[in-house]
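Thanks for coming. I have one structure to show today, so please look at the screen first and then I will talk through it.

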Amino acid sequence: MERLGTGIGWRPEIADAVERMPGIDWVEVVAENVCPGHLPESLRRLRERGVTVVPHGVSLGLGGAERPDGNRLAVLAERAQALGSPLVTEHIAFVRAGGPLTASPRLEAGHLLPVPRTRDALDVLCENVRIAQDALPVPLAVENIAALISWPGEEMTEGQFLYELADRTGVRLLIDVANLHTNHVNRGEDPAKALAELPVEAIAYVHVAGGFERDGVWHDSHAHPVPRPVLDILTDLASRVSPPGVLLERDENFPEPAELEGELEAIREAVAKGGAPRAALRSGEPAAGSRDVRENPASTDPARQRLGLAQAALLSALVAGTPAPEGFDRVRLGVQARALAGKRAGVVAKVAPELPVLLGEGYRPAFLAYAQGHPMTGGYRRDALDFAEHLLLAGRPEEARARRELREWWLERSGPVPRSARPAVRLARATRRVLSRR
């Protein structure tokens, strides 16, 4: 595995600072946020300097019941090639549920949700990973996620689940030590036990991030400083294996560059502290990259349907207000549901920043009220348009000028072509018709 070194998540808000930071060996970008034909100049300059860029996907849903979407895989492959990346990464999570597999409405979570650690889920995940591996031009690594909720009736620990996944598919692992801490606080899982059960030789790199605790629940915010317990888990991991790369994630509330550089230095120190002589690999442990190649694997279709029904029921409870599936902690489901709605309001405000301006302080309460009865069925941009349409149909905002401005905003964006561009489009089409008659 290529040695990556110390890196940071590249975000437009800190692009200039990242370029100036000393000791940055590589960066990671959210794959869905870059366009191969129009790479940001900052990324271009970093690449010209020899800084490795790794695309990190968030929307594939490898842990979902359906097979990976070919178009999404093609997009991820395109980004890897455009960035000259040595690998691509995604998550062990589901992000949507429902649809033809369950004969129910398709719902989008807008968030990474945990898969149950069961044989059904593992079989489906392994096949989905193999499909993705075959479609991508570079190796794939998958990340453990943070979770607020636990599935009832799980059959494996996180370490056992990841060990079998890597053993059966040869996939690399992206281990997020902040997520191990989150699962320790929220689900009572021992990070040391998870690390002891992992195939550490399969680790591609490591994520480190901050969060905050509220009412006994840890929120993996990526918007707060990295706490000491997360650095201690990193040191424990580094005592078991020399991680090929370690990366600091920060998505919001960006501090001054000096503070980010201080966090990077703390990460380097935590790795160095764990870098004492490491234990040899366990006897009989399979080599990283080995695969379980079965001549006639059983169809995963029955497992997919069982998993799909379970995931659809959970997601519907979280975003559509249906009853909680049996065995789930209803209080914790409520925490997760509120967190999803809050994140949804925040992301819509980012992709459509005009809405908070037009609605002022009323934006967030209006959106949260809307979200209770309107689960997301498409992307966030579609969500923003649907929210605006909902307000207009209800005769809101009450102030006529604000309502008129919201209507103009919605009309500009709701068609296949921006309203302001339509006269030019009509002129171009008319010109082509005239020329075609000559």
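I will start with the chain as a whole, then go through its cores, two helix pairs and a few single residues.

Before anything else, please keep in mind that this is a predicted model. The chain is built with 16 helices and 12 strands. It has 438 residues, and 50% of them count as buried. Now take the contacts between residues at least 6 apart in sequence: 76% of these join residues that are at least 24 apart.

Next, the cores. How many residues does the largest nonpolar core have? It has 89, and the ones with the most contacts inside it are I8, V27, L140, L165, V208 and L234. Helix 8, residues 228–240, supplies the largest share of this core, with six residues. There is also another core lying apart from it, made of 21 residues, including Y370, A384, L391 and L406.

Let me stay with V27 for a moment, as an example from the largest core. If we leave out residues up to four places away in sequence, V27 touches I8, W10, V18, L43, L46, V51, T52, V53, V54 and L247. You can find these on the screen by number.

Now back to helix 8 and its partner. Helix 6, residues 177–187, packs against helix 8 at an angle of about 120°, and the two axes are 9 Å apart. The crossing of this pair is right-handed. On the helix 6 side, the contact is made by V177, A178, L180 and H181, and on the helix 8 side by P229, V230, I233, L234 and L237. What kinds of residues are these? Eight are nonpolar, one is polar and none is charged.

One residue of that contact is worth a closer look. V230 sits in helix 8, and V230 counts as buried because its relative accessible area is 1%, where the limit for buried is under 20%. Apart from neighbours within four places in sequence, V230 contacts V177, A178, H181, V208 and A209. V208 was also on the list of residues with the most contacts inside the largest core. As for distance, V230 and D176 are 54 residues apart in sequence, while their C-alpha atoms are 9.5 Å apart in space.

The second helix pair is helix 14, residues 380–393, with helix 15, residues 400–414. Their axes are 10 Å apart and they pack at an angle of about 140°. Helix 14 and helix 15 are therefore oblique to each other. For this pair the crossing is left-handed. Helix 14 contributes A384, L385, A388, E389, L391 and L392 to the contact, and helix 15 contributes R403, L406, R407, W409, W410, R413 and S414. By type, these residues divide into eight nonpolar, one polar and four charged. Three of the names may sound familiar: A384, L391 and L406 were among the residues of the 21-residue core.

Between these two helices there is a loop, and P397 is found in it. A cis peptide bond joins R396 and P397, with omega at about 0°.

Two further residues have backbone angles to note. H222 has a positive phi of about 60°, although H222 is not a glycine. Its place is in the loop between strand 11, residues 217–219, and helix 8. N253 is not a glycine either, and has a positive phi of about 50°. N253 lies in the loop between strand 12, residues 245–248, and helix 9, residues 257–274. Are these residues buried or exposed? H222 counts as buried, at 10% relative accessibility, whereas N253 is exposed, with a relative accessible area of 52%.

Last, two residues that fall in between. C35 is in the loop between strand 2, residues 26–30, and helix 2, residues 41–48. With a relative accessible area of 36%, C35 is partly exposed. The C-alpha atoms of C35 and R79 are 7.5 Å apart, and the two residues are separated by 44 residues along the chain. Q305 lies in helix 10, residues 301–319, and counts as partly exposed at 41% relative accessibility. Where Q305 and E66 are concerned, 239 residues apart along the chain, the C-alpha atoms are separated by 8.7 Å.

That is the end of my list. I will take questions now.

How values were computed. Residues are numbered from 1 along each chain as its sequence is written. This is a predicted model: local features need pLDDT of at least 70, side-chain atom pairs count only at pLDDT 80 or more; totals for chains, interfaces and linings use all residues. Side-chain values use heavy atoms; hydrogens and water are left out. A nonpolar core is a set of buried Ala, Val, Leu, Ile, Met, Phe, Trp, Tyr and Cys residues joined through side-chain atoms within 4.5 Å. Buried means under 20% relative accessible area, exposed over 50%, partly exposed in between (1.4 Å probe, protein chains only). Helices (H or I, at least four residues) and strands (E, at least two) are DSSP runs, numbered from the N terminus. Contact means heavy atoms within 4.5 Å. Axes are lines fitted to C-alpha atoms, for helices over the stretch in contact, and angles run from 0 to 180 degrees between N-to-C directions. Angles under 35 degrees count as roughly parallel, over 145 as roughly antiparallel, 65 to 115 as roughly perpendicular and the rest as oblique. A crossing is left-handed if the near helix is turned anticlockwise from the far one by less than a right angle, and right-handed if clockwise. Ala, Val, Leu, Ile, Met, Phe, Trp, Tyr, Cys and Pro count as nonpolar, Asp, Glu, Lys and Arg as charged, and the others, Gly among them, as polar.
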